[in-house]
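Here are a few exercises to help you find your way around a new structure. Try each one yourself, then read the worked solution.

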Amino acid sequence: MSLTTRLPQTLKQVRPVLSADHGEAKRRVLNLYKIWLRQIPYIRVDYIKNNWTETRLRDAIKENFMRNKHVTDLRVIDLLVVRGQMDFVETAEIWRQQHNTATMDRKKDTYKKKPVGFLERFYEGH
Amino acid sequence: MLKTILRHGCRLRSVVNMRFSAPLCNNIHTLTPSNVQANGQIWPHVFVSRRTRMIDQFVKDAGQMRTSPPLTPRDIESRVLRICNEYDKIQEANKNKITLVTHFMNDLGLDSLDHVEIIVALENEFGFEIPDADYDKLYTVQNVVDYLIKKMNVTDRSKTTVSSAPDPRYDDHHH
């Protein structure tokens, strides 16, 4: 049975990427969240230089998901899920490097900030 | 502790007896059903009886391993409530007021991602995977407890199959 025969009339104008309705898309998102959560102890060990705790990792994953919570377009949701799954595979198979995973965690400083104020500049040597 | 030493001592003594004194039977070279092995070979009854006795002893020894006490519904409730209390997204005000009828979304203000987190924590605690289709049954603590009881076949007076004591008098784990 082809996809077009299964779709309701209103959706026939746009071809879906993966899911046909919001329920299916929600299931995909929740599954992706679940596999990220299950991977947390392995991420902690594989990328050990980042000194992550479980709560910190959970907050980071939640933050990444919440950043897109306002999206309503089905195809955009599907593409985001696919991109999230690609990120997951790269993280799980350790194709990334230590600093690469730190970029997904917004609160982590991956660069040294410029000194602000007299004392900080003094410590730097200026 | 003295009881266990005496019990273990007694068991060793019987093994020693078995090894050094082979029992003399009258039917060594007779064709009894116990003598005939699967492929029709006749084996002296002495060796057959000794082998089965040693195997029985090994099985009894293996059965001495200590198992955890049987799960009761109250155990499951307390574990589920403990996990819900440890969840850090719940505000401090609600923490100790989680009861059996608390609804995750309505009463505690969690969303579907938090619900997934709670279920993953429950999976880690109880050691088995909860399939996706059952997620929408598990919105209250009472539903979670009932589901777990059903899945793990917990009854009120369940007895373990492997006893951690050779003597049934010590079966309720108070030694």
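Contact here means heavy atoms within 4.5 Å. This is a predicted model, where local features need pLDDT of at least 70, side-chain atom pairs count only at pLDDT 80 or more, and totals for chains, interfaces and linings use all residues. Residues are numbered from 1 along each chain as its sequence is written, chains are lettered from A in the order in which they are written, and side-chain values use heavy atoms, with hydrogens and water left out.

**Exercise 1.** Work out how many residues of chain A and chain B are in contact, and what area the two chains bury.

*Solution.* Start with the contacts: 13 residues of chain A touch 14 residues of chain B. Next comes buried area, the accessible area (1.4 Å probe) that two parts lose on being put together, summed over both. For this pair of chains that's about 1200 Å², with 56% of it on carbon and sulfur atoms. On the chain A side, Lys34(A), Arg38(A) and Lys62(A) lose the most area, together 38% of what that side buries.

**Exercise 2.** Find the salt bridges between the chains, and say which helices of chain A help form its side of the interface.

*Solution.* A salt bridge needs a side-chain nitrogen of Lys or Arg within 4 Å of a carboxyl oxygen of Asp or Glu. The rule finds four across this interface. Take Lys62(A): its side chain pairs with that of Asp111(B) at 3.8 Å, N to O. Now for the helices, which are DSSP runs (H or I, at least four residues) numbered from the N terminus. In chain A, H2 (22-46) and H3 (54-66) each supply at least two residues of the side touching chain B. The largest share, seven residues, comes from H2(A).

**Exercise 3.** Is Leu57(A) buried or exposed, and what does it touch?

*Solution.* First, place it: Leu57(A) sits in helix H3 of chain A. Buried means under 20% relative accessible area, exposed over 50%, and partly exposed in between (1.4 Å probe, protein chains only). Leu57(A) counts as buried because its relative accessibility is 5%. Leaving aside neighbours within four places in sequence, Leu57(A) is in contact with Ile40(A), Ile43(A), Arg44(A) and Trp52(A). Take Ile40(A): Leu57(A) is 17 residues from it in sequence, yet 6.9 Å away in space, C-alpha to C-alpha.

**Exercise 4.** Which residues does Val80(B) contact, leaving aside its neighbours within four places in sequence?

*Solution.* Go along chain B and you'll find Leu122(B), Phe126(B), Val141(B), Val144(B), Val145(B) and Leu148(B).
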